[in-house]
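Biologist: I am new to this structure and would love a close look at one spot in a loop. Could you start there and then walk me around the rest?

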Amino acid sequence: MRSSLIAGNWKMNGSLESVTALVDGIKSGDRGNAELAVCPPSVFLMKIGGMLAESGIALGAQNVCQHAAGAYTGEIAASMLKEAGCRYAIVGHSERRSIYGESDAMVAARFQMAIESGIEPILCVGETLEERQQEKTIEVVNRQIDAALAASGIDAFAKAVIAYEPVWAIGTGQVATPEQAQDVHASIRQKLAGLNAEVADQLQILYGGSMNPGNAAELLAQPDIDGGLIGGASLKADDFLTICKAAS
Ligand code: PEP
């Protein structure tokens with residue numbers, strides 16, 4: 001039986017004051033029994049990590065450098081994320097792929113660095129609207145997963161999470177139907193089961209893309225949807241907690 005994970009991706013939002021209030025709100029509310037994680041902007045990781053101590057809520061980063069250390073201005077090493085208390089690091093978010101030009105190979109290298117360093121990567125995969133209209137969804141998702149498989153192998157997925165995030169649903173208010181999401185999640189699990197049935201069976205596959213308190217329960221009821229990666233709705237403690245309870 002897989003547990004559910006609800007992870008909040010705060011992206012580049014908030015101030016020290018607002019993120020502190022957000023964490024206080026999440027910690028003090030009723031969150032059900034799903035696993036929770038928050039991924040703050042990196043400058044706030046140490047602060048939020050301290051606030052989360054003993055809370056049972058995990059800390060995640062929004063990316064991780066594919067190199068161990070050195071002249072990589074603006075990047076953050078996995079060892080630094082470990083020191084900050086991160087359990088997770090998002091890799092391959094569509095905003096990193098589309099705005100910052102991160103290729104499948106680069107995302108796979110970041111995935112591998114996380115695995116090597118004992119950080120659980122949350123590998124984001126998903127198609128654009130054009131790719132969906134051309135019926136290329138599964139091809140695109142498989143290509144993105146294959147890059148990580150080539151770099152790290154199937155066993156790495158025992159310590160990783162996949163987030164299916166259709167690009168057309170991220171931050172748009174346009175959510176995938178439960179059936180659309182379930183189809184892709186089932187296809188991902190089936191693909192990985194062909195390599196290692198046990199790893200595929202225990203892998204948490206999250207849905208991301210305009211999940212909110214109104215649509216979470218229906219999405220999370222699907223057999224292969226094991227939680228959510230939440231953007232906008234993770235910035236309000238009440239909305240985030242409602243989604244967490246829907247996953248319980
Ligand atoms: C995301 O960016 O990972 C995301 C799912 O965003 P939103 O929930 O705002 O669509």
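Is Glu54 buried or exposed?

Modeller: Happy to help! This is a predicted model, where local features need pLDDT of at least 70, side-chain atom pairs count only at pLDDT 80 or more, and totals for chains, interfaces and linings use all residues. Residues are numbered from 1 along each chain as its sequence is written, and side-chain values use heavy atoms, with hydrogens and water left out.

Now to your spot. Glu54 counts as exposed because its relative accessibility is 85%; buried means under 20% relative accessible area, exposed over 50%, and partly exposed in between, using a 1.4 Å probe and protein chains only. Glu54 sits in the loop that joins helix H2 (45-52) to strand E3 (57-61). Helices (H or I, at least four residues) and strands (E, at least two) are DSSP runs, numbered from the N terminus. The backbone of Glu54 also has a positive phi of about 70°, although Glu54 is not a glycine.

Another residue with that backbone feature leads us to the ligand. Ser210, also not a glycine, has a positive phi near 60°. Ser210 belongs to the loop between strand E7 (204-208) and helix H10. With a relative accessible area of 18%, Ser210 is buried, whereas Glu54 is exposed. A backbone N or O atom of Ser210 lies 2.7 Å from an oxygen atom of the ligand; a polar contact is a pair of N or O atoms within 3.5 Å, and within protein one must be able to donate a hydrogen and the other to accept it, with residues adjacent in sequence counting only if both atoms are side-chain atoms.

Side chains reach the ligand too. An N or O atom in the side chain of Lys11 is 2.5 Å from a ligand oxygen, and one in the side chain of Glu165 is 2.8 Å from a ligand oxygen. Taken alone, the ligand exposes 300 Å², and the protein buries 96% of that. Such areas come from the Shrake-Rupley method with a 1.4 Å probe; for residues, only the protein chains shown count as cover. There are 14 residues around the ligand, and Lys11, His93, Glu165, Gly171 and Ser210 come nearest; a residue is near a molecule or strand if one of its heavy atoms lies within 4 Å of it. The shell divides into four nonpolar, eight polar and two charged residues. Here Ala, Val, Leu, Ile, Met, Phe, Trp, Tyr, Cys and Pro count as nonpolar, Asp, Glu, Lys and Arg as charged, and the others, Gly among them, as polar.

His93 deserves a pause. You will find His93 in the loop between strand E4 (88-91) and helix H4 (94-99). His93 counts as buried because its relative accessibility is 4%. A polar atom of the His93 side chain lies 2.9 Å from the backbone nitrogen of Glu95. Neighbours within four places in sequence aside, His93 is in contact (heavy atoms within 4.5 Å) with Asn9, Lys11, Cys124, Glu165 and Ile170.

Asn9 and Lys11 are also touched by Gly231, not counting residues up to four places away in sequence. Gly231 lies in the loop between strand E8 (227-230) and helix H11 (237-246). From Gly231 to Gly171 there are 60 residues in sequence, but 7.2 Å in space, C-alpha to C-alpha.

Let us finish with two helices. In helix H1 (residues 16-28) you will see Val23, which counts as buried because its relative accessibility is 2%. Residues up to four places away in sequence aside, Val23 touches Trp10, Ile48, Met51 and Leu52.

Helix H7 (residues 137-152) has 16 residues that should span 22 Å at 1.5 Å a residue, and its end C-alpha atoms are 23 Å apart, which agrees; the expected span is 1.5 Å times one less than the number of residues. The buried residues of H7 include Val140, Val141, Gln144 and Ala148. An α-helix has 3.6 residues a turn, so residues three or four places apart point the same way. The buried residues of H7 pack against several elements, among them helix H5 (104-116), strand E5 (120-125) and helix H8 (178-193). Just after H7, Gly153 takes a positive phi of about 80°.
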